[in-house]
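Visitor: Please take me closely through one part of this model, a pair of aromatic rings and the helix that holds one of them. I should like to know what surrounds them.

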Amino acid sequence: MKVSVIIPNYNGFQYLQKCLDALDKQDFNDYNVIVVDDASTMSGVEEVLKGHRNVYLINHTKNLGFATSVNDGIKATDSKYVFLLNNDAYVEKDCISRLVKSMEENTGYKQTFSVQCKMISAVNHALIDNAGDFYNILGYARSRGKDKLTDSFSRPSEIFSACAGAAIYDREALVEIGLFDESHFAYLEDVDVGYRARLFGYINRYEPAAIVYHEGSATSGSRHNEFKVKLAARNSILIRYKNQTPLQKIVNFPIMEMGMIIKQLYFWRKGLGRAYRQGILEGRRMKSLPEVRDRKIQFDSSKRKRAWAIEIEMIKGLIY
């Protein structure tokens, strides 16, 4: 198979059925589907998969999180590309073929690591859900195009990183740089791996012709909740710990501390200040763990040069 579609699933079978139905209508035939069920508390995943072609199931006996689920799917295939897709995302019929075409276009100077779909709100087709991810010098990851009109962001472009809710990746490149960091469990693992890929010299791209309709927060339940806020705060600490040079960390320390203060105040007003603070403290503790230290980038001259080019981009990201 040229493409393996990897769908992490935790409950949400009402979305998964629709997701698989949309995949069945693809005009691209050289693909299979791997559903990784993360110990759903609801029964019946096998029933949902019946009647769909080339679908395989990996069952976890406990909830290991998004990063581990997609990694297990990646390890189970030798396809050239892996297309990571949320269980609440529904592809248009030419989505995979357009992603493959974009992956194989000659960028002229760097190999493509990932290509992200244009994610449109499944609730309101007039609005974009995600057109790629930004990451700025404050340490904030943000969805490009969120809640903008669907006809905007209509040109292919390079992006900081792809949202793994609907993005295709070069599997060999993933193996080369290291798969998704399982210590993240969930949230920002896609920003982390996209950042890492760029330090290795790859690029991430956005393809607006590859359309996916996304329900959004179907598993976690809402845009802001204690679980999501805590993990995102924790993982934001890990991203810069692993991917920035020692000098960057010194230079960026004051502005990133300011960024955390701003977010702390924001989440206090939403009643989630404690969860945010717990996440920050947990992230700082996790830096001493061997599995986190082992993921730190070992900087040579090429990676240092790329790190400072990304630094400039992160400063410009304050404007967005």
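Guide: Phe-160 is buried, and Tyr-195 is buried as well (under 20% relative accessible area, with exposed over 50% and partly exposed in between, for a 1.4 Å probe and protein chains only). The model is predicted, so local features need pLDDT of at least 70 and side-chain atom pairs pLDDT 80 or more, while totals for chains, interfaces and linings use all residues. Residues are numbered from 1 along each chain, and side-chain values use heavy atoms, without hydrogens and water.

A search of the whole structure finds ten aromatic pairs (ring centres within 6.5 Å; stacked under 30 degrees between planes, edge-to-face over 60, otherwise tilted). In one of them, the rings of Phe-160 and Tyr-195 meet edge-to-face, with 5.4 Å from centre to centre and 80 degrees between the planes. Phe-160 belongs to the loop between strand 10 (157–159) and strand 11 (166–170), and Tyr-195 belongs to helix 6 (residues 189–199), so this pair ties together parts that are 35 residues apart in sequence. Helices (H or I, at least four residues) and strands (E, at least two) are DSSP runs numbered from the N terminus.

Another edge-to-face pair consists of Tyr-169 and Phe-180, whose ring centres are 5.7 Å apart and whose planes make an angle of 80 degrees. Here Tyr-169 lies in strand 11, and Phe-180 lies in the loop between helix 5 (171–177) and helix 6, so the two rings tie together parts that are eleven residues apart in sequence. With a relative accessibility of 1%, Tyr-169 counts as buried. Phe-180, at 2% relative accessibility, counts as buried too. Tyr-169 and Phe-180 also belong to a cluster, in which ring pairs link them with Phe-113 and Tyr-202.

Let us now turn to the helix that contains Tyr-195. Helix 6 is mostly covered, since eleven of its eleven residues are buried. Among these buried residues are the charged residues Glu-189, Asp-190, Asp-192, Arg-196 and Arg-198, as well as Val-191, Val-193, Gly-194, Ala-197 and Leu-199.

What does helix 6 meet in helix 11? Tyr-195, Arg-198 and Leu-199 of helix 6 are in contact (heavy atoms within 4.5 Å) with Lys-303, Arg-306, Ala-307, Ile-310, Glu-313 and Met-314 of helix 11. Tyr-195 therefore takes part both in the ring pair with Phe-160, which ties together parts 35 residues apart, and in the meeting of helix 6 with helix 11. The axes of helix 6 and helix 11 (residues 301–316) come within 8 Å and cross at roughly 130 degrees; axes are lines fitted to C-alpha atoms, over the stretch in contact, with angles from 0 to 180 degrees between N-to-C directions. The two helices are therefore oblique to each other (roughly parallel is under 35 degrees, roughly antiparallel over 145, roughly perpendicular 65 to 115, and oblique the rest).

Lys-303, one of the helix 11 residues that meet helix 6, has a further partner. Its charged end sits over the ring of Phe-200, 4.5 Å from the ring centre (NZ of Lys or CZ of Arg within 6 Å of the centre and within 35 degrees of the ring normal). Elsewhere, the charged end of Lys-263 is placed over the ring of Tyr-140, at 4.6 Å from its centre. Helix 6 is followed by Gly-201, which has a positive phi near 100 degrees.

The loop between helix 5 and helix 6 also deserves attention. Tyr-187 is found in this loop. The phi of Tyr-187 is positive, about 80 degrees, although this residue is not a glycine. Tyr-187 counts as partly exposed, at 23% relative accessibility. Ala-39 also has a positive phi without being glycine, in this case near 55 degrees. Ala-39 occurs in the loop between strand 2 (31–37) and helix 2 (45–49), and its relative accessible area of 21% makes it partly exposed.

Glu-182 is likewise located in the loop between helix 5 and helix 6, and it counts as partly exposed at 34% relative accessibility. Which residues does Glu-182 contact, leaving aside its neighbours within four places in sequence? They are Ala-67, Thr-68, Asn-71 and Lys-75. The C-alpha atoms of Glu-182 and Ala-67 are separated by 5.1 Å, although the two residues are 115 residues apart along the chain.

Definitions and conventions
Rings of Phe, Tyr and Trp (its six-membered ring) pair if their centres lie within 6.5 Å; planes under 30 degrees apart count as stacked, over 60 as edge-to-face and the rest as tilted.
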